[in-house]
Amino acid sequence: MPKDFEPGVKPRPKRATRMSDTRRLFARLREALASGAASLPDIASLVAKELPADACAIYVTRAGEFLELAATYGYNISAVGRVKLRLGEGIIGAVAASGDALNLPDAQNHPRFAYRTEMGEERFAALLAMPVKRAGRILGVVAVQNEQPRMFSQMEVESVATVAMLLAEILSRAGATNLPEEGFSNSLPRRYAGHVLSAGIARGPILPYGAAGPIAQLLTDDPAGELKRLDRAVDMANATLDGLIAASLPGGNAPRDVLDAYRMVAQSAGWLGRVKEAINDGLTAETAVDKIARELRERMRRIADPYLRERLADIEDMIGRLMVALGGAKPKPERADGAILLVRRLGPADLLDWHSRGIAGVAIEEASPSGHAAILARALDLPALQVDRGAVEAGNEGDEALLDAEGATLILRPEPDVVQVYNRALEARSVRAAALQAYRDKPAITKDGFCLKLMLNVGLAMELDQLERTGADGIGLYRTEIAALASGGIPDVAGQAAEYGRVMDRAKGLPVQFRTLDLGADKLLPGESSQGEENPAMGWRSLRVGLDRPAILRRQLRALLLGAQGRPLSIMFPMVATVEEFRAARDLLEAEAARVRPAPSSLLAGTMIEVPSLLFQLPGLLAEADFVSVGTNDLMQFLFAADRGTPELANRYDTLSAPVLELMERLVVACEEAQVPLSVCGEAAGRPLDALAFAAVGVTTLSMSGNAILPVKALLAETDLSTFRPILRDLRRSGAAGGSIREPLTGWAREHNLPV
Ligand code: PEP
Ligand code: MG
């Protein structure tokens, strides 16, 4: 790894004269600020003279959602206070509306250009307009212009961006500017479209987490002192990284080389050098770190390559640590009762942590419905949405939000009549939930009498209530890693045995299929970091770790046997790719079983079918496995080569498609022939229409999260399977090319008033 590795950044030529211009500009601004005489016209003239540019204009947001020209240099002075632009009007209004800067070589030929005679701007061609943002609000716009048509250089863009940061601070503090306390976005509702991760509707105060907070001091006259503060913060952040490396994997087997590579990227001289450069220009350490973070995020928005994005994310992670060390980032609040959390990314451990702090819902910018955070949100019945980028920045803490994880919309600052509509929807939801209760004690049976077994997917003790609440037939998937993620580590054998024993107690004799630890990829224990694999979902994870480091797996198997205390025990293994792997895992189980007393009254060893290679080893596999369970989440991602965590792919491939239903049907036949019980336990099993289609191709056991059981039972109860089968068969034929048949199936169901 090169010492100053930073993806997406070309080395910048040194430009000594420009550097000193920037430094002088900030020094003059600092002097003006320190003397308390930094009026907006002074700032406009300073920027124009020191950048240098031919003209500079500062627009500020006024109540009533318009921008007013507040100060100029180089334009007609009489325009100040007279030029007013609506949000979206002209180039300046467009910059305020989008929050994105515009750098135009010839503004007058731009389609958004709106000519204002009073400005006297005819002679200017080049325009750089930068939004003045603070905590997601647009407080104004600062623009510079030149007579000569040319793009402003990267260095000039960075300088004006820093001036905009300073202006944001000045404007939000200054009563003197007659600025309304809040900018545009604070009073305007904003809507974000997205994908549903966990259905539900929540209303509450916004809690953005991960957006930059206000910085107390922006400029410094003591760069040497700030550089020392930065060095101390880097040391502190390094120390936390060292701690992470030491405690990286359960059992202390730190993949040092990988974590060290991460550290090299995170601490690379490239971006740290640019932070130091900005401090030397006169910014405080936190302003300089924040400036580089903004540039980095801007670049991340433009980079599609997942590897490069990951490396940039490493740097962003390190920047977060640095901000904490500098005292410039806020820690998590103790409680967040009723809040709507807005975050960029969220791992399953963090989701559990926030849930325990009381959030009512969560919107995540980078997530997908079959990712583990989404699965966990469904298990917790916590409304969750993946939303378009920008929501975290636009969310002002404490404002109201409506998280509609049914209609897939997040509304920040909803209008009162919209709130009323949602209040009615919330009431309708509780009426529907009450109606579904009628199915609780009924068996899962279709209108024409086909019986199914509906089991629960469980990972947390608190979900065990769902057994009684839903009338499920047992636990089809107990994800043992979730408790480890929740408690921050894997308990010792006695602790695990106690947990598994409690689960069996609560199941009161109903079957439970325990799955051994499925850690790795996005399920990382706190303190563990990704190993830097290019494809962690296909990497050294799950049973692969269990077989290579058998001590952890053997301890878990012993704990399961001890927890059973002579009761029947079913164990299944995740991420099995070959019959040999299954056999090796089963051998470990049998070796442990030979030692534990009392022995379970029956011991079944099964496997998840998540890796497509198993589909081509069915005779061998079914001769050895006592049962199999299809994990559609992973199977879909490997079958279609489509990362389950990538939001852009979430709706691209569908379980309701000819290839997947074909596969299921063949599996059903093979399992029936071999007399091996088959179930489906991926998220698709809990979607009513998918569940019905699986039943139609012969699946008789489905395992799903608790909140899916009653809706699935309701649809089965209303549907005549013998009428549905030919409909499905025809649609499968028409969709044989591989595309989704969800839409026509949904249409058919709606026509027949079925509850989908
Ligand atoms: C699956 O892959 O479908 C599955 C049930 O396992 P998990 O979602 O825990 O990976
Ligand atoms: Mg899986």
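**A walk through a predicted model**

Let me begin with a single residue, Arg413, which is buried, with a relative accessible area of 8%, and since the cut-off for calling a residue buried is under 20%, that value falls within it. Before going on I should say that what we are looking at is a predicted model, and that everything I describe is computed from it. Arg413 is found in the loop that runs between strand S13 (409–412) and helix H14 (416–436), and its side chain makes a polar contact, at 2.8 Å, with the side chain of Asp399.

Let me turn now to the ligands, starting with ligand 1. Which residues come closest to ligand 1? There are 16 residues around this ligand, and the closest of them are Arg479, Arg515, Gly631, Asn633 and Arg644. Two of these arginines can be described in more detail: a polar side-chain atom of Arg479 lies 2.8 Å from an oxygen atom of ligand 1, and a polar side-chain atom of Arg515 likewise lies 2.8 Å from an oxygen atom of the ligand. The backbone takes part in the surroundings as well, in that a polar backbone atom of Thr632 is 3.1 Å from an oxygen atom of ligand 1. How much of the accessible area of ligand 1 does the protein cover? On its own the ligand has 290 Å² of accessible area, and the protein covers 100% of it.

If we ask where the shell around ligand 1 comes from, the elements that give two or more residues to it are helix H12 (372–379), strand S16 (475–479) and helix H22 (632–639), with H22 providing the largest share, three residues. In terms of character, the shell divides into seven charged, five polar and four nonpolar residues.

One of those elements, H12, is mostly covered, since eight of its eight residues count as buried, among them His372, Ile375, Leu376 and Arg378. Just after H12 comes Asp381, which takes a positive phi of about 60°.

Helix H22 brings us to ligand 2, a magnesium ion, whose protein donors are Glu610, through OE, and Asp634, through OD, lying 2.0 Å from it. Glu610 sits in the loop between strand S19 (603–609) and helix H21 (618–624), whereas Asp634 belongs to helix H22, so the pair ties together parts of the protein that are 24 residues apart in sequence. Are these two donors buried or exposed? Both Glu610 and Asp634 are buried.

Strand S19 leads in turn to its neighbour S18, residues 569–573, which is mostly covered, with five of its five residues buried. As general background, side chains in a regular strand alternate between the two faces of the sheet. In S18 both faces are covered, with Leu569, Ile571 and Phe573 on one side and Ser570 and Met572 on the other, all of them buried. S18 runs parallel to strand S17 (residues 512–515), to which three bridges join it, and within that pairing Phe514 has Ile571 as its bridge partner. S18 also runs parallel to S19, here with five bridges, and Phe573 stands opposite Thr607 of S19.

I will finish with Ser45, which has its place in helix H2 (residues 40–50) and is buried, with a relative accessible area of 18%. Ser45 and Ala71 are 26 residues apart in sequence, and their C-alpha atoms are 8.9 Å apart in space.

Conventions:
Residues numbered from 1 in each chain as written. Chains lettered and ligands numbered in written order. Predicted model: local features only at pLDDT ≥ 70, side-chain atom pairs only at ≥ 80, totals over all residues. Heavy atoms only, no water. Near = heavy atom within 4 Å. Polar contact = N/O pair within 3.5 Å; in protein donor to acceptor, adjacent residues only side chain to side chain. Areas by Shrake-Rupley, 256 points an atom, 1.4 Å probe, with all protein chains shown as cover. Helix = DSSP H or I, 4+ residues; strand = E, 2+ residues; numbered from the N terminus. Nonpolar A, V, L, I, M, F, W, Y, C, P; charged D, E, K, R; others polar. Donors = N, O, S within 2.8 Å, 3.2 Å for Na, K, Ca; no water. Buried < 20%, exposed > 50% of the residue type's maximum accessible area, 1.4 Å probe, protein only. Pairing = 2+ DSSP bridges.
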